[in-house]
Amino acid sequence: MSDTNWGWSDRLKLQYEPMDETHQEFVMLCAALSEDNPDTFIARLDALIAHSVEHFEQENQWMKSNAFPPAGCHMTEHDAVLQVMREVRRRIVEAGEMDLAARLAEELPLWFEHHVDTMDNMLARFMTSDAITAAQPA
């Protein structure tokens, strides 16, 4: 599997603490996919999937409740990534395609870094903007 040293760094911080905390957990769970232990891969993937469901739903709720303009695109990407994780899980369990474990462990960090840099960065900036802060009840 690729870079076993991948993990949380200041590069991934978005200066929106609730999102940064969730992202730290995602990074930890995602990095764990690189462990060289095929016997525990499904358990590690299940933990990442469970976290991702809650993580993405929280962001989806933020987008909905704050009328985030590009919410549709962002939510579609969340759905697509969950679908990929679930499909990899299914194919490993049903067909023993363990090569997909290594591929997911390599590709997911790349996707996440891009997602943070683009979609989550826009959402974090929107959530901390003066317009949103002023509109929230005191």
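**Why these words fit: helices and rings**

Reader: Why are α3 and α4 called roughly antiparallel to each other?

Author: This is a predicted model, where local features need pLDDT of at least 70 and side-chain atom pairs pLDDT 80 or more, while totals for chains, interfaces and linings use all residues. Residues are numbered from 1 along each chain, and side-chain values use heavy atoms, without hydrogens or water. Now to your helices (DSSP runs of H or I, at least four residues, numbered from the N terminus). The axes of α3 (residues 71-95) and α4 (residues 99-127) cross at roughly 170° and come within 12 Å. Angles between N-to-C directions run from 0 to 180 degrees, and those over 145 count as roughly antiparallel, so α3 and α4 earn the name.

Reader: Which residues in α3 and α4 meet?

Author: In α3, they include C73, V81, M85 and I92, and in α4, L104, L108, W111 and L123 are among them. Contact here means heavy atoms within 4.5 Å. By class, the contact of α3 with α4 has 13 nonpolar, three polar and three charged residues.

Reader: How do you know that the span of helix α1 agrees with its 16 residues?

Author: The expected span is 1.5 Å times one less than the number of residues. For α1 (residues 17-32) that gives 22 Å, and the end C-alpha atoms are 23 Å apart, which agrees. Several α1 residues are buried, including M19, F26 and L29, and the buried residues of α1 pack against α2 (41-65) and α4.

Reader: Why does Q15 count as exposed?

Author: Exposed means over 50% relative accessible area, and buried under 20% (1.4 Å probe, protein chains only). Q15 has 64% relative accessibility, so it counts as exposed. Q15 lies in the segment before α1 and has a positive phi of about 65°, although it is not a glycine. A67 is another residue with a positive phi, near 50°, and is not a glycine either. A67 lies in the loop between α2 and α3 and is exposed, at 59%.

Reader: What makes F56 and W111 an aromatic pair that is edge-to-face?

Author: Ring centres must lie within 6.5 Å, with planes over 60 degrees apart for edge-to-face; for Trp, the six-membered ring is used. By this rule there are seven aromatic pairs. F56 and W111 are 6.3 Å apart centre to centre, with 75° between the planes. F56 lies in α2 and W111 in α4, so the pair ties together parts 55 residues apart in sequence. F56 counts as buried, at 2% relative accessibility, and W111 counts as buried at 17%. W6, F26, F56, W111 and F112 form one aromatic cluster.

Notes. Helix = DSSP H or I, 4+ residues; strand = E, 2+ residues; numbered from the N terminus. Parallel < 35°, antiparallel > 145°, perpendicular 65-115°, else oblique. Nonpolar A, V, L, I, M, F, W, Y, C, P; charged D, E, K, R; others polar. Phe/Tyr/Trp six-rings, centres within 6.5 Å; stacked < 30°, edge-to-face > 60°.
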